[in-house]
Amino acid sequence: MIPADGLKLIFCFGLNIFCWSGACVSFFFFFFCTAKMNTLGLVTLRVCAGLMGRRTLHVLPRLQRSSSGMTIPQIDEEVARLLQLKAQLDGDDGKQTFVLKTPKGTRDYNPKQMAIREKVFNTIFNCFKRHGAETIDTPVFELKETLTGKYGEDSKLIYDLKDQGGELLSLRYDLTVPFARYLAMNKITNIKRYHIAKVYRRDNPAMTRGRYREFYQCDFDIAGQYDPMIPDAECLKIVHEILSELELGDFRIKVNDRRILDGMFAVCGVPDEKFRTVCSTVDKLDKLPWEEVKNEMVKEKGLPEEVADQIGGYVSLQGGMDLVERLLEDPKLSKSSDAVAGLKDIKQLFVYLQLFRITDKVAFDLSLARGLDYYTGVIYEAILTQAGVPQTQDPQNGPGVEEASVSVGSIAGGGRYDGLVGMFDPKGRKVPCVGVSIGIERIFSIMEQKAETSAEKVRTTETQVMVASAQKNLLEERLKLTAELWDAGVKAEVMYKKNPKLLSQLQHCEDTGIPLVAILGEQELKDGVVKLRNVTTREELNIPRDSLIEEIKKRTADC
Ligand SMILES: *[C@@H]1O[C@H](CO)[C@@H](O)[C@H](O)[C@H]1NC(C)=O
């Protein structure tokens with residue numbers, strides 16, 4: 001007697017043989033018809049493919065479920081093979097068409113854009129390194145609970161991932177919260193680190209043009225218990241250095257303190273539980289006129305009009321050390337110990353900023369609020385003030401109506417967050433932190449605009465020299481010299497052709513900005529020299545072979 005499983009197995013193999021013969025017939029007709037364009041062949045092919053596909057697809061999985069364990073891998077393999085065959089056959093007439101786009105709110109970067117990015121990155125990296133920072137990396141996604149409750153009203157923009165079974169995850173919204181999680185998890189109490197990486201926000205890019213769902217952030221933070229305002233002052237110095245070095249135009253750095261804001265809210269009569277939400281309304285002052293902000297405070301946030309008016313009196317103030325002194329004497333504000341503590345720190349900060357010689361760009365500004373929930377002390381934001389700052393253009397959506405058209409635009413921001421790490425620590429141990437985030441995406445788009453309007457071509461390669469020849473049959477000599485250059489650390493290229501024309505080799509240099517050509521010829525080889533050509537001036541000079549590397553390095557030291 002044959003057991004039921006055995007019968008199924010026999011049936012299965014039978015079916016396989018049937019399918020395979022079907023496939024063979026199909027292939028025969030496939031080649032036949034593609035060669036002869038025979039319509040009858042095409043029809044037969046479709047019938048075969050259809051029959052085969054339907055049978056395998058429906059019968060095999062059912063068999064698989066009921067057959068014994070040993071045969072399942074075999075059947076799986078057969079199914080996979082048949083499906084692949086079917087896909088090949090379908091490829092002929094049922095070709096899948098792709099929607100060629102990147103997901104909403106994301107984009108590709110072409111070599112020219114990447115070259116500009118790299119330049120900006122290097123300027124910023126160098127600055128961070130000059131200040132003694134280390135770098136770290138963290139995962140792109142975090143446990144959802146790690147991110148929850150840290151961003152205030154922006155929390156709705158957190159990108160939740162579909163449950164993959166096990167952990168509820170969200171994409172990182174910024175680099176600060178993952179940094180705090182990292183410190184708490186590894187019990188680190190002192191670190192100065194920078195981190196440049198992509199973050200994700202479920203923004204609606206169609207509504208807020210020029211904003212992306214995936215973009216770079218660039219953070220520098222100092223964690224540790226130190227004397228007040230020394231690390232804070234260094235963060236502002238770093239912003240000043242980076243913005244100056246990148247030559248983005250004139251800028252200003254606004255400074256305030258969360259405790260001054262909270263104290264001000266308290267003395268103006270804002271109930272405690274409304275501090276955060278009123279704070280995010282004040283934060284809109286850089287984009288909206290006071291009348292609209294006041295309207296939101298009264299109509300949406302439910303503040304009495306006279307309370308809003310008192311806030312209005314304070315948030316219109318800005319100045320330097322003099323304003324700090326004046327507010328320390330303010331009869332109402334000085335009643336709040338929070339406000340006084342904040343004002344004293346701002347005063348100390350200005351002393352250090354004077355030593356760093358950057359006070360000309362810094363202003364104490366009571367309207368600066370910054371929306372994020374985690375700030376506890378000093379906060380700051382840099383804005384470009386030059387009228388001629390080009391507006392950001394969004395290549396996907398046409399001319400952009402970015403924030404740039406409303407205010408000139410924030411380009412960096414940050415502040416002190418002394419409580420964030422403690423929120424993650426099981427014992428609530430605090431690690432005071434202060435940091436700054438450089439608005440690198442805005443910097444990129446400004447630099448891209450600049451490059452577009454400038455006559456200077458953006459190089460996407462760094463090749464220093466092209467190894468070329470004017471005569472035929474010198475491929476081997478070219479390859480030999482190229483390898484010598486590579487091994488000596490020279491960036492060199494050679495054309496992938498046995499006998500390229502000199503003109504096309506020179507043209508490649510013109511197109512990509514390669515500054516030098518090393519030309520080999522029979523005579524040069526005999527004389528033990530290489531003809532070195534300056535691409536711009538077309539000047540040529542014979543250089544002895546053994547000083548060639550030195551000469552190339554000398555000439556390209558600053559390209
Ligand atoms: C090419 O010649 C010009 C003019 O003398 C010079 O400025 C440039 O540096 C030269 N380039 C190289 C790579 O030698």
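**Pockets, sheets and a one-sided helix**

Helix α4 gives the largest share of the lining of the second largest pocket, with 9 residues. The model is a predicted one, and in it this pocket takes up a volume of about 940 Å³. The elements that put two or more residues into the lining are α4 (111-130), α15 (440-453) and α17 (502-512). In total, 28 residues line the second largest pocket, and A115, K119, K457, V458 and R459 are the ones that lie nearest its centre. Sorted by class, the lining comes out as 10 nonpolar, 7 polar and 11 charged residues.

Stepping back to the whole chain, the count is 19 helices and 16 strands. The protein chain has 559 residues, and 46% of them count as buried. Among contacts with a separation of 6 or more, 70% are between residues 24 or more positions apart.

Next comes the open sheet. It is built from 9 strands with mixed pairing, and reading across it gives the order β1-β4-β5-β11-β10-β9-β6-β8-β7. The edges belong to β1 (134-135) and β7 (318-319); each has a single partner strand, so one side of each is left without a neighbour in the sheet.

Within this sheet, strand β11 (residues 433-438) is a good place to look at burial. Its count is 6 buried residues of 6, so β11 is largely enclosed by the rest of the structure. In a regular strand, side chains alternate between the two faces of the sheet. For β11, one set consists of C433, G435 and S437, while V434, V436 and I438 point the other way, and every one of these residues is buried. On one flank, β11 pairs with strand β5 (residues 214-223) in an antiparallel arrangement joined by 6 bridges. I222 has V434 of β11 as its bridge partner here. Strand β10 (residues 410-416) also runs antiparallel to β11, with 5 bridges between the two. In that pairing, G415 is matched with G435 of β11.

Further along the sheet, the pairing of strand β6 (residues 251-257) with strand β8 (residues 362-365) is parallel and spans 3 bridges. One of the residues involved is K254, whose bridge partner in β8 is A363. K254 turns up again in the lining of the largest cavity, alongside V282, D283, L285, D286, S367, L368, A369 and E381. The largest cavity holds about 50 Å³ of space, and its lining splits into 4 nonpolar, 1 polar and 4 charged residues. Across the whole structure, the search turns up 2 cavities of 30 Å³ or more.

Towards the end of the chain, attention shifts to β14 (516-520). Here 5 of the 5 residues are buried, so β14 is largely enclosed by the rest of the structure. Both of its faces are covered, with L516, A518 and L520 buried on one side and V517 and I519 buried on the other. Strand β12 runs parallel to β14, and 5 bridges join the pair; M466 has V517 of β14 as its bridge partner. With β15 the sense is antiparallel, over 4 bridges, and L516 stands opposite N534 of β15.

Both of these partner strands, as well as β14 itself, reappear around helix α19. What covers the buried residues of this helix includes β12 (465-469), α16 (475-487), β14 (516-520), β15 (529-534) and β16 (540-544). The buried residues of α19 (residues 548-555) are L548, E551 and I552. They cover an arc of only 95° around the axis, which puts them on the same side of α19. This fits helix geometry: an α-helix has 3.6 residues a turn, so residues three or four places apart point the same way. The other side of α19 carries E550 and K554, and both are exposed. Buried here means under 20% relative accessible area, and exposed means over 50%.

Key: Residues numbered from 1 in each chain as written. Predicted model: local features only at pLDDT ≥ 70, side-chain atom pairs only at ≥ 80, totals over all residues. Heavy atoms only, no water. Pairing = 2+ DSSP bridges. Buried < 20%, exposed > 50% of the residue type's maximum accessible area, 1.4 Å probe, protein only. Arc of directions from axis to C-beta. Contact = heavy atoms within 4.5 Å. 1 Å grid on protein atoms, 1.4 Å probe; cavity = no way out; pocket = protein on both sides within 12 Å on 5 of 7 lines; lining within 4 Å. Points joined across faces, edges and corners; volume = space filled by probe spheres on them. Nonpolar A, V, L, I, M, F, W, Y, C, P; charged D, E, K, R; others polar.
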